[in-house]
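Please open the model in your viewer and keep a selection panel at hand. The stops below move from the protein interior to the bound ligand.

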Amino acid sequence: MAETAYQKCINPDCGAEYGCDESFFKCPKCGDLLDALYDWDKKKVPTRLSDFGKRWASRNERLDFSGVWRFRELLNFCDDKFKVSIGEGQTLLQQNDNLAEFIGIKKGNLHLQYEGLNPSGSFKDNGMTAAFSHAKRVGAKSCACASTGNTSAAVALYAHHCGMKCTVFIGSGRIAFGKLSQAMDYGAKTIQILGDFDDCMKQVQAVCTELKLYLLNSLNPFRLEGQKTIMYRILEGLGWEVPDWIIVPGGNLGNSSAFGKAFYELKELGLIKRVPRLAIINATGADTLSELVNNRNLKWNGGKVDNKIISDFYAELTARNFSPHTCASAIEISRPVNLKKCLRAIDVCNGVVRAVSDEAITDAKALIGKYGLGCEPASAATIAGLEVLLAEKTIKPDEKVACVLTGHCLKDPNVTVNYHKEKMGKYSNPPIECANDLGQIIKLMST
Ligand SMILES: *Cc1c(COP(=O)(O)O)cnc(C)c1O
Ligand SMILES: [Zn+2]
């Protein structure tokens, strides 16, 4: 394959470029984030998005079956022989009229992209299939990640598939049971650090540098390339029409960053005429992005981000000995590594950021369960955020909205069971105790 992909630093004052045979997680020159970029050879990229859909007809081909590699011309950083797939991206976009009606959106306008249908039960598989393909290209033998849970599940699954050794770092007591069970079951070396995700993230970078391990967090630019395809599949599900809004939970901000890049590139390539708006939803107990964007006026500013606003805020967090807390453990992050790329996505997509309470998240989760396919707590921040944006009339009832449900509803059964059994919210549906007696059972059935 003629080399058309390269890595480039996002800092315009640096702009250093590197080939794809190297693996870094930060620009070696200035320490900023790296992008995977392409010299688009227009002849090789389909001229219409609908051409990608034709691959459904050849789904017996490994790469055409993958919901990521079906779009391979848009993330072409390695030869096909390196491309890893275990059937990721067989997800669906559910038009949900019942939930739409309940929260006051016009029928036909609310869509839920259920990424819980991926092999390890979260959207992370989209990123891992791409990152592991790059890991194979560079000949990596062992890898590592820090995780709030789903990254470790996805890494463990793909590492096993690729015959690579893997170590996952998780914050002690900060991980949902379903996810922890997966990491152990898929055979990852699981290290629980007495700290939170941000502590793990810091340690894993040092470990990977020291021991020359391949890093699979979303600092990895190739991982984010795979996550672009979530947006391609939403467009596909809408008959290649661009919705008005994409809503996504914000944790380490890899998804929001990838989505902004996806739309920017599609527009550049002339494959879409306009980009959707992006709404990124934090939990109030982990609301760094919301605080920086809404209260401290942090902006992309053509790449000249005011680093002082960020470092001042992080210094405040340290001084307060702050550790983030939310029941949505997947977004329990206070120093998001992709912050700057996310600012760029907000710039590209005229984005907004909101923060929602745990109460709003668990109520929204119950609604998604009742009316839809369910999801884990972090994913439900999307619907909680949508309710806020509708109430303030930022989103109008006649606009087309797609919410990304990032993880499966069985990932965190504790939150679900507590919510219902302990009658914690508006939509709690607790089980009813009953004596082992037919008469009493019949009586209960009629109430
Ligand atoms: C990782 C994760 C998130 C956070 O996504 P970012 O890209 O880090 O912002 C949200 N929801 C679920 C279920 C996740 O696993
Ligand atoms: Zn640089």
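Begin by selecting phenylalanine 132 in this predicted model, and display what surrounds its ring: once neighbours within four places in sequence are set aside, Phe132 is in contact with Val84, Cys143, Val155, Tyr158, Ala159, Cys162, Met164 and Leu216. Add Phe77 to the selection, since the two belong together here: in the largest nonpolar core, which has 97 residues, Phe77 and Phe132 touch the most other members. Apart from that core lies another one, of 34 residues, and to find it you can select Ile105, Val356, Leu389 and Leu390, which are among its members.

Next, select ligand 1, which sits in the largest cavity, and show the 16 residues that surround it, the closest being Lys124, Asn150, Gly251, Asn255 and Thr406.

Which atoms approach the ligand at lysine 124, asparagine 255 and threonine 406?

- Lysine 124: a side-chain N or O atom is 2.6 Å from an oxygen atom of ligand 1.
- Asparagine 255: a polar backbone atom is 2.8 Å from an oxygen atom of ligand 1.
- Threonine 406: a polar side-chain atom lies 2.8 Å from a nitrogen atom of ligand 1.

Finally, turn on the surface: of the 380 Å² of accessible area that ligand 1 has on its own, the protein covers 98%.

Note on methods
Residues are numbered from 1 along each chain as its sequence is written. Chains are lettered from A and ligands numbered from 1 in the order in which they are written. This is a predicted model: local features need pLDDT of at least 70, side-chain atom pairs count only at pLDDT 80 or more; totals for chains, interfaces and linings use all residues. Side-chain values use heavy atoms; hydrogens and water are left out. A nonpolar core is a set of buried Ala, Val, Leu, Ile, Met, Phe, Trp, Tyr and Cys residues joined through side-chain atoms within 4.5 Å. Buried means under 20% relative accessible area, exposed over 50%, partly exposed in between (1.4 Å probe, protein chains only). Contact means heavy atoms within 4.5 Å. A residue is near a molecule or strand if one of its heavy atoms lies within 4 Å of it. A polar contact is a pair of N or O atoms within 3.5 Å; within protein, one must be able to donate a hydrogen and the other to accept it, and residues adjacent in sequence count only if both atoms are side-chain atoms. Accessible areas come from the Shrake-Rupley method with a 1.4 Å probe; for residues, only the protein chains shown count as cover. On a 1 Å grid over the protein atoms alone, a cavity is a set of points where a 1.4 Å probe fits but cannot get out, and a pocket is an open set with protein on both sides within 12 Å along at least five of seven lines; lining residues have an atom within 4 Å of a point. A molecule sits in a cavity or pocket if more than half of its atoms lie within 2 Å of its grid points.
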